[in-house]
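Thanks for coming. I have one structure to go through today, and I will keep to what can be read from its coordinates. Please have a look at it before I start.

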Amino acid sequence: MSQLELGESIPPHTAHAVSVSLPTWRSNIGYEEGQDWVVGRMSTGYPRFFIHRSIQSFAADIVARFGRQGSQAFLFPTRQIAARCVSFVKAHAPPTAVASLETVHLVLDTTNPNHEVLASLAPTISAVLCSQEAFPFLKQYWQHTGDGVSSRRAEFCHTLFKDGLLRPDNEATIPVPASPKPCRGPKRYQRPSSFDTTKRAAPSPRSSPDRELAAGPDVQETSRFLEERFGRNLDLSFVQPARSAIKRRIAGALRSNGELTTAPPPEHEMKSNSRGVGNLREEDIYLFPCGMSAIFNSHRALLDVRGSLKSINFGFPYVDTLKILEKFGPGAVFYGHASDSDLDDLQRRLEGGERFLALFCEFPGNPLLTCPNLVRIRQLADKYDFAVVVDETIGTFANVNVLPFADIVVSSLTKIFSGDCNVMGGSAIFNPNSRHYSSLKAWARTEHEDTYWPEDVMFMERNSRDFASRIDRINANAEAICHVFRDSPLVKTVFYPKHNESKANYEACRLPNGGYGGLLSVVFRHQDQAVAFYDAIATAKGPSLGTNFTLASPYVLLAHYQELDWAESFGVDRNLIRVSVGLEETENIVNVFRDALKAVEERPRNHHE
């Protein structure tokens, strides 16, 4: 990917892109400090940190119609999620901020003759309106939990709202005009679709003409609008098969990359999965709008079924995982190194009578790629009765199998499972052999809400069809780039599972044909070298990982800018550069990194080097 301008979406010209270009070291600092020369040029950003323009637009219209002057709104897919947000604000914000909270629940106008066609989408929106004082607390909930609306849901529901098809559920019934106008959607959907497409887009079967005529003229118009809105690449009849295909890929059971069909999948397919758990069922895999939502709701489930106990965050975490454990429930014990000595200390606490809800860890960790000893953790969990939740996002189930060691396995599908960087998603697997399985399943039957927006489902299914074949190329490219860094005298340390001290822990879970993943981190000997390298590297540069193209980031600056000293106390250097390796031709991408290193070597030296 050629050099992108500051603030341009990654990928470029993509309406629902997941990343944004921050092409220089200075621009990353400017973003963290909220400097207008950076923030003012950003067309988008990582969705939990940067509220998408389509969401902002819808929120502004809701405030204009229902809110007080100066209010702002956060949008959630259901009233239950909105209520949890309000509860969080009440627990953390001052009373004056809490007093400003209002909620508006938008539902389909059932008096409209088109509502039945739309009802299958469940296009509900629950808005929490707040003052400027309360805004930071709602933003925390939005960021930490990942339970806000997706940009595609907001875009679609905003259309319905403007057309009068969504109304507050506490208002009087809105009368239907004597001669209702056909529902064609907004004018921009009568032109070619505005949302992004990908190279794998293929026409989907159109609705049956007979079925459209039988439905009547109004429903016919709505059906046509839905088809146009979802694009010629998407068909609502395939949403459920798409969910099933995603779940079976996550289980390592679906190996076909072919087109979707509406025929039921073979019953025997799940039994031959790559997870090593023969009784795993499709119903044991839950989909979420993003990876953090999977983590948050797994934590919420465990609190509900096991009681109010502290959790354990084992290993240096992705930033919001620790925040979830600290802010929702009684708190967490943090072991930042994921070392054997950390496990020794945990064992002493357990032997002394302390009890915990669950141990949360990443495999490998981000950004040091350290792997915890899952064998020993599983033994301690069985003996002292705590749950184990493993985030496999970075390792990916094509390389490692962590399910036998975990009660719940979570993952961000946004990353390499999708690869195209244009849709969010998350998953959680309940291990059927876990002692907590029955209680978790009982909880899910009453508490789990499937809020994964159908359009996002369709994009995720299509993007993930070639997931398994992409992993091999990415593994090979990452190892090649790792060698380039390890051979450079400029580099102090390279973090990669194959070369870390915790390699044996990775090998204990690595599949026979698995590699070491597409993520690595590098620390240069001097800060100026890191800055020069980052500015020179001719790759996409911005937040996120697991993209089909190589993506670099000064990760620690972005994730821990307000706590850099704290991060360094756990061996996470503030000048670390994280590299997510893509699908480029190996020789070409290796040369890109060699050229950047050469540029560092040839620049004028500073006196301290």
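I will begin with the overall figures, then go through strands, rings and charges, and end with some backbone details.

First, a caution: this is a predicted model. The protein has 609 residues, and 60% of them are buried. Its secondary structure comes to 23 helices and 18 strands. If we take the contacts with a separation of 6 or more, 75% of them are between residues 24 or more positions apart. The exposed area is about 24,100 Å², and 50% of that is supplied by carbon and sulfur atoms.

Now the strands, starting with strand 12. Strand 12 covers residues 408-412, and five of its five residues are buried. Which way do they point? Ile408, Val410 and Ser412 point one way from strand 12, while Val409 and Ser411 point the other way. Both sets are buried, so to speak, wall to wall: all of these residues are buried. 

Strand 12 has a partner on each of two other strands. Strand 11, residues 387-391, runs parallel to strand 12, and three bridges join the two. Strand 13 runs antiparallel to strand 12, with five bridges between them. Val410 shows both pairings: Asp391 stands opposite Val410, and in strand 13 the bridge partner of Val410 is Ala428.

Further along the chain there is an open sheet. Five strands form this sheet, in the order 14-15-18-17-16, and the pairing is mixed. Which strands are at the edges? They are strand 14, residues 491-495, and strand 16, residues 540-541, each of which pairs on one side only. Helix 18, residues 467-486, packs on this sheet and touches strand 14, strand 15 and strand 18. The direction of helix 18 makes about 10° with that of strand 15. Within the sheet, strand 17 (residues 551-553) and strand 18 (residues 577-580) run antiparallel and are joined by three bridges. There, Leu551 stands opposite Ser580.

Next, the aromatic rings. A search of the whole structure finds 32 aromatic pairs. I will show two of them. Phe76 and Tyr141 are edge-to-face, at 5.9 Å centre to centre and with 75° between the planes. Phe76 is in strand 3 and Tyr141 is in helix 7, 65 residues apart, and the pair links these distant parts of the chain. Are these two residues buried or exposed? Both Phe76 and Tyr141 are buried.

The second pair is Tyr286 and Phe430. Their ring centres are 4.8 Å apart and their planes are at 45°, so this pair is tilted. To count as edge-to-face, the planes would have to be over 60 degrees apart. Tyr286 sits in strand 7 and Phe430 in strand 13, and 144 residues separate them. Tyr286 and Phe430 are both buried.

Phe76 and Tyr141 also belong to a cluster linked by ring pairs. The other members are Phe74, Phe88, Phe135, Trp142, Phe296 and Phe328.

Two arginines are placed over rings. The charged end of Arg26 sits over the ring of Trp37, 4.2 Å from its centre. Arg462 lies over the face of Phe459, at 4.8 Å from the ring centre.

Last, the backbone. The loop between strand 10 (358-362) and helix 15 (374-384) contains Pro364, and a cis peptide bond joins Phe363 to Pro364, with omega about -10°. Pro367 lies in the loop between strand 10 and helix 15 too, and the bond from Asn366 to Pro367 is also cis, with omega about 20°. Leu369 is found in that loop as well, and its phi is near 60°, a positive value in a residue other than glycine.

Ala122 is a further non-glycine residue with positive phi, near 50°. Ala122 is in the loop between helix 6 (115-119) and strand 5 (125-130). How do Ala122 and Leu369 stand for exposure? Ala122 has 42% relative accessibility, so Ala122 counts as partly exposed. Leu369 has 0% relative accessibility and therefore counts as buried.

That is what I have; I will take questions now.

Technical notes:
Residues are numbered from 1 along each chain as its sequence is written. This is a predicted model: local features need pLDDT of at least 70, side-chain atom pairs count only at pLDDT 80 or more; totals for chains, interfaces and linings use all residues. Side-chain values use heavy atoms; hydrogens and water are left out. Two strands pair if DSSP finds at least two bridges between them. Helices (H or I, at least four residues) and strands (E, at least two) are DSSP runs, numbered from the N terminus. Contact means heavy atoms within 4.5 Å. Axes are lines fitted to C-alpha atoms, for helices over the stretch in contact, and angles run from 0 to 180 degrees between N-to-C directions. Rings of Phe, Tyr and Trp (its six-membered ring) pair if their centres lie within 6.5 Å; planes under 30 degrees apart count as stacked, over 60 as edge-to-face and the rest as tilted. Buried means under 20% relative accessible area, exposed over 50%, partly exposed in between (1.4 Å probe, protein chains only). A charge sits over a ring if NZ of Lys or CZ of Arg is within 6 Å of the ring centre and within 35 degrees of the ring normal. Accessible areas come from the Shrake-Rupley method with a 1.4 Å probe; for residues, only the protein chains shown count as cover.
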